[in-house]
Amino acid sequence: MERETNKELFFKLKTREDVATLLGISERSLRYFLYKRRPENMYHTFIVTKKNGGTREISAPDKELKEIQRKLSKVLTEVYEPKVCAYGFIQTKNNTKNAMQHTKKALVLNIDLKDFFSQIHFGRVRGMLMSAPYGIEEKAATTIAQIACFNGRLPQGAPSSPVITNMICVPLDNALMRLAKSTSCIYTRYADDITFSTYKHEFDKSLVYVENGKIHIGDRLAEILGKHSFIVNSQKITLRSRINRQEVTGLTVNEFPNVRRTYIKKLRAILHSCEKYGIIEAAKIYVKKGLCKNPKICSIIDNGDSEEVVTEWFKKVLTGKVRYIKQVKGPRSLTYLTYAQKVNLLFQENLFDLTELDRFERTIKNATFILQYDSDENCIQGSAFYLSGVGLLTSYHVTEGGEFFKVYTVDTYDNTQLGIIGKELNEISSDRTIDYAAYKPPFDINDELTFKCGDSTKIKIGDQVTIIGYPNHQEGNSPYVQSCSITSKKYFQGAPFFTVSGRIVHGASGGVVLNFQNEIIGIIKGGIVTIADDSENENQGFIPLHLVLEHLEVSAGNSNG
């Protein structure tokens, strides 16, 4: 006879004995916990600081009760069938997938439910378990509610609370999905964060409206939330159009889910603190700023005998932050790989696989180049890169004089040139207005270590890019690799041009511009003469690659004709 699954046993629950059997403990032990020790005596409560400066009360169960709640959570997770709109506390989902549902929308509405966990009381938990689709009997439902609740409420800090909130919210999710469908919107919920988005230029007034500059919840939305006993936090209602920075569960979503700049800035500051003061002192600074949510660490942070424990804890903190960047930006993100490398070096451990970073660095060495023309009067330098199927690309203004330029990689500079390029020697095509020149490579290139071509027609202001070039290059210099963002689109010297927040220096012209997936989307053009110059030059940026490819196609057609 096949053993019944936890899910099958759950739907047959009638008594406290049944619940004990399902959780793998004796009925006597469960009765002891519920009526002798009592759950209300098995918690410790502490306060954590929220990102907005407020505080949140966390009630954490002791070890024995936590273990029972973990078993309960496992059973309820098997029983609960997630709605398509729910993204919080679900193993196969996360805040990035939640944010993806709202990218490239005209409007995004964010609502926060006030006192989310404490709004779910003992009676609601018991009633939910006794009602469809669960329908277990009263004694069993009462026992589960006793295990899950603290002082008559669902505690934020118990392992069983997250899945119970999702179970409680099923009727709410159903109602809000119907509302979203009827008003041509997308609806998702991540715990207590509710988000609606639409391609339309105005939300239906039954959902939300603006009056005298203030955002108001519409009648239908307010009615649904009230019916399901949830209260909106009036201080956390935001309505943003595409001209603003749209955010969903901590990620910007105007074009694709992306980590906030402040998140990266704070991580950079923490790692700098580690390098400057050491791991233990940096951990102390982190704790004393109120950023630690672990009460044990807070109590031992100044204990000299606990440095090993503190170091292991801080390692988990930093690796968690870097993994979050990987989750959002992807395993090939240069931002992720850069910080992963820093953490590996900091702790002298292979905490992150840097194979992709190694490939990225080898690709730079294989597929980007220094161009140099030497004469008795001066030395002209520029940058170039190889695009598979096209050739060697650089800026028109770098090689327009017709001189023969020597081509070097960063490893061969001032040693052995790879070859020579020149307009009369091996130019494929060029255009002064677009400011590009394409050459047949005078040497062999490993096609497996080259950057792929991206879609530059989809470039938007705010996109993150990586620029790679060789400004003022000298022997021993590394490639100039910089992550920055697109700040504007304009016309410069007659052609479309995107400016960037980074600093582009003379000699980087002709270098490569990559998107967040490390695909080629442009050629560096313009910039300042030296590092010492004013970085506010408004013409630091690049030309989009599709203009080059379109011109090359026309040129090829004319040649064939």
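In this predicted model, V407 touches F369, I370, L371, L392, Q417, L418, G419, I421 and F443, leaving out residues up to four places away in sequence. V407 belongs to strand 15, which spans residues 405–408, and is buried, its relative accessible area being 0%. Between the C-alpha atoms of V407 and F11 there is a separation of 73 Å, the two residues being 396 apart along the chain. The points below cover the nonpolar cores, a buried helix, a pocket, a cavity, the cysteines and the backbone.

**Nonpolar cores**

- The largest nonpolar core has 67 residues, and the members that touch the most others are F10, L129, I164, L176, F196 and L221.
- A second core, separate from the largest, has 66 residues, including I297, L334, F360 and L393.
- In soluble globular proteins, nonpolar side chains tend to be buried together.
- L129, one of the most connected members of the largest core, is in contact with F10, Y134, G135, I136, A141, I144 and M167 when its neighbours within four places in sequence are set aside.

**Helix 12 and its surroundings**

- Helix 12 covers residues 279–288 and is largely enclosed by the rest of the structure, because seven of its ten residues are buried.
- Those buried residues are I279, I280, A282, A283, K284, Y286 and V287.
- Among the elements covering the buried residues are helix 11, helix 13 (295–300), helix 14 (307–329) and helix 15.
- After helix 12 comes G290, which has a positive phi near 80°.

**The second largest pocket**

- The second largest pocket encloses about 790 Å³ of space.
- Its lining consists of 33 residues, and those nearest the centre of the pocket are L334, T335, T338, Q482 and S483.
- At least two lining residues come from each of strand 11 (258–259), helix 11 (261–277), helix 15 (334–347), helix 16 (355–367), strand 19 (464–469) and strand 20 (480–492).
- The greatest contribution to this lining is that of helix 15, with six residues.
- By class, the lining of the second largest pocket comprises twelve nonpolar, 13 polar and eight charged residues.
- L334 thus appears in two settings: it is a member of the second core, and it is one of the residues nearest the centre of the second largest pocket.
- Helix 11 and helix 15 both supply residues to the lining of this pocket, and both are among the elements that cover the buried residues of helix 12.

**The largest cavity**

- One cavity of 30 Å³ or more is found in a search of the whole structure.
- The volume of the largest cavity is about 30 Å³.
- Its lining is made up of L30, F33, L34, P39, L65, I68, Q146 and I147.
- Helix 3 (27–37), helix 4 (63–79) and helix 7 (138–148) each provide at least two of the lining residues, and helix 3 gives the most, with three.
- The lining of the largest cavity has seven nonpolar residues, one polar residue and no charged residues.

**Cysteines**

- There are zero disulfides in the structure.
- For C298, the closest cysteine sulfur is that of C292, at 3.8 Å from its own sulfur, which is too far for a bond, because a disulfide requires the sulfur atoms to be within 2.5 Å.
- C298 counts as partly exposed, at 36% relative accessibility.
- C379 is also partly exposed, with a relative accessible area of 41%.

**Backbone features in loops**

- The peptide bond joining A132 and P133 is cis, with omega of about 5°.
- P133 is located in the loop between helix 6 (122–130) and helix 7.
- R38 is not a glycine, yet its phi is positive, at about 65°.
- The loop that holds R38 runs between helix 3 and strand 1 (43–49), and R38 is partly exposed, with a relative accessible area of 35%.
- F89, likewise a residue other than glycine, has a positive phi near 60°.
- F89 is in the loop between helix 4 and helix 5 (95–100) and counts as partly exposed at 40% relative accessibility.

Definitions and conventions. Residues numbered from 1 in each chain as written. Predicted model: local features only at pLDDT ≥ 70, side-chain atom pairs only at ≥ 80, totals over all residues. Heavy atoms only, no water. Core = buried A, V, L, I, M, F, W, Y, C linked by side-chain atoms within 4.5 Å. Buried < 20%, exposed > 50% of the residue type's maximum accessible area, 1.4 Å probe, protein only. Contact = heavy atoms within 4.5 Å. 1 Å grid on protein atoms, 1.4 Å probe; cavity = no way out; pocket = protein on both sides within 12 Å on 5 of 7 lines; lining within 4 Å. Points joined across faces, edges and corners; volume = space filled by probe spheres on them. Helix = DSSP H or I, 4+ residues; strand = E, 2+ residues; numbered from the N terminus. Nonpolar A, V, L, I, M, F, W, Y, C, P; charged D, E, K, R; others polar.
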